Amino acid sequence: MHPAGAIVYLPNLVDVGQYVGTFDIFLLFNGVNGNVWLSFSVGLLLDTGHCLAAGVDPLSVLSKHGARICHLHCKDVRPEVLEQALSQDMGFMEAVLHGLYTVPGDGCIDYSALLHGLRGIDYRGWLVVEAEQDPAKANPLQYARMGYNHLCQCARQAGYLIER
């Protein structure tokens, strides 16, 4: 079991391209100084797609807060749609409907590096395939399988044993 006693989801994506460092602020006000953790009472749910869409590299979050990660939402980002969303100042839902998010392996996030990093900290929590896509444009079952297969491949390459 992860040492965190609670999972806290602090939304850090106000809109596409807008990051609010709420987790860092939360840690600051709860006795955390830099990389020295005074308490492991709060765990982090890392949402890879939201991080990247907000301009934050998920690998940097892993590097900085890896010991607190106790749950992972794995969604990918289509970089051309992100660029369009940023240049046209799209809101969150508009960007989603334009296809901003997709499943792991269908975008630009390096899940191989992410899974190697998670393996390096002995992460044993959930990996949730997520997409936030228009089902009329992306068949949910087909895309869920694509994401699952890509995550399994990356996890095996990182040294995880995948059981069905």
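# Why these labels? A chat about the model

The protein chain has seven helices and eight strands. Keep in mind that this is a predicted model.

User: Let's start with the whole chain. How much of it counts as buried?

Analyst: Of its 164 residues, 41% count as buried. As for how contacts span the sequence, take those between residues at least 6 apart: 79% of them join residues at least 24 apart.

User: What makes T48 a buried residue?

Analyst: The cut-off for buried is under 20% relative accessible area. T48 has 0%, so T48 is buried. This residue lies in helix α2, which covers residues 48–53.

User: And what does T48 touch?

Analyst: Leaving out residues up to four places away in sequence, T48 touches P58, L72, H73, C74, K75, I109, Y111 and L114.

User: How do you know that the side chain of T48 has a polar partner in K75?

Analyst: Look at the distance: a polar atom of the T48 side chain lies 2.8 Å from the backbone oxygen of K75. The limit for a polar contact is 3.5 Å, so that pair falls within it.

User: Why is L46 called buried?

Analyst: Same test. L46 comes in at 1% relative accessibility, and the limit is under 20%, so L46 counts as buried. You'll find L46 in strand β4, residues 42–47. Setting aside neighbours within four places in sequence, L46 is in contact with C51, P58, V61, I69, H71, L72 and H73. Also, L46 and C70 are 24 residues apart in sequence and 8.1 Å apart in space, C-alpha to C-alpha.

User: Moving on to α3: which of its residues are buried?

Analyst: P58, V61, L62 and H65, in a helix that runs over residues 58–65.

User: What puts those residues on the same side of α3?

Analyst: The arc they cover around the axis is only 100°, and that puts them on the same side of α3.

User: Which residue caps the N-terminal end of α3, and how do you know?

Analyst: D57 does the capping: one of its side-chain oxygens lies 3.0 Å from the backbone nitrogen of L59. With 3.5 Å as the limit for a polar contact, 3.0 Å is within it.

User: Why is α3 called roughly parallel to α6?

Analyst: The two helices pack at an angle of about 10°, and their axes are 10 Å apart. Angles under 35 degrees count as roughly parallel, so α3 is roughly parallel to α6.

User: What makes up that contact?

Analyst: From α3 you have P58, L59 and L62, and from α6 there are A113, L114, G117 and L118. These contact residues divide into six nonpolar, one polar and no charged.

User: Now α4. What makes its buried residues line one face?

Analyst: The buried residues in α4 are V81, L82 and A85. Seen down the axis of α4, they fall within an arc of 100°, so they line one face of the helix. Those buried residues pack against α2, β6 (76–77) and α5. The face turned away from the buried side carries the exposed residues E80, E83 and S87.

User: What makes the phi of D89 stand out?

Analyst: Its phi is near 50°, a positive value in a residue other than glycine. Most residues other than glycine have a negative phi. D89 comes just after α4, in the loop between α4 (79–87) and α5 (92–97).

User: Is D89 buried or exposed, and how do you know?

Analyst: The bar for exposed is over 50%, and D89 has a relative accessible area of 67%, so D89 is exposed.

User: Why is D122 called partly exposed?

Analyst: D122 has 39% relative accessibility, which sits between the buried limit of 20% and the exposed limit of 50%, so D122 counts as partly exposed. Phi of D122 is near 60°, again a positive value in a residue other than glycine. The residue is found in the loop between α6 (111–120) and β8 (126–129).

User: Which side chain does D122 make a polar contact with?

Analyst: The side chain of R124, at 3.2 Å. That distance is within the 3.5 Å limit, so the pair qualifies as a polar contact. For a longer reach along the chain, D122 and G66 are 56 residues apart, and their C-alpha atoms are separated by 9.8 Å.

How values were computed: Residues numbered from 1 in each chain as written. Predicted model: local features only at pLDDT ≥ 70, side-chain atom pairs only at ≥ 80, totals over all residues. Heavy atoms only, no water. Buried < 20%, exposed > 50% of the residue type's maximum accessible area, 1.4 Å probe, protein only. Helix = DSSP H or I, 4+ residues; strand = E, 2+ residues; numbered from the N terminus. Arc of directions from axis to C-beta. Polar contact = N/O pair within 3.5 Å; in protein donor to acceptor, adjacent residues only side chain to side chain. Contact = heavy atoms within 4.5 Å. Axes fitted to C-alpha atoms, helices over the stretch in contact; angles between N-to-C directions. Parallel < 35°, antiparallel > 145°, perpendicular 65-115°, else oblique. Nonpolar A, V, L, I, M, F, W, Y, C, P; charged D, E, K, R; others polar.
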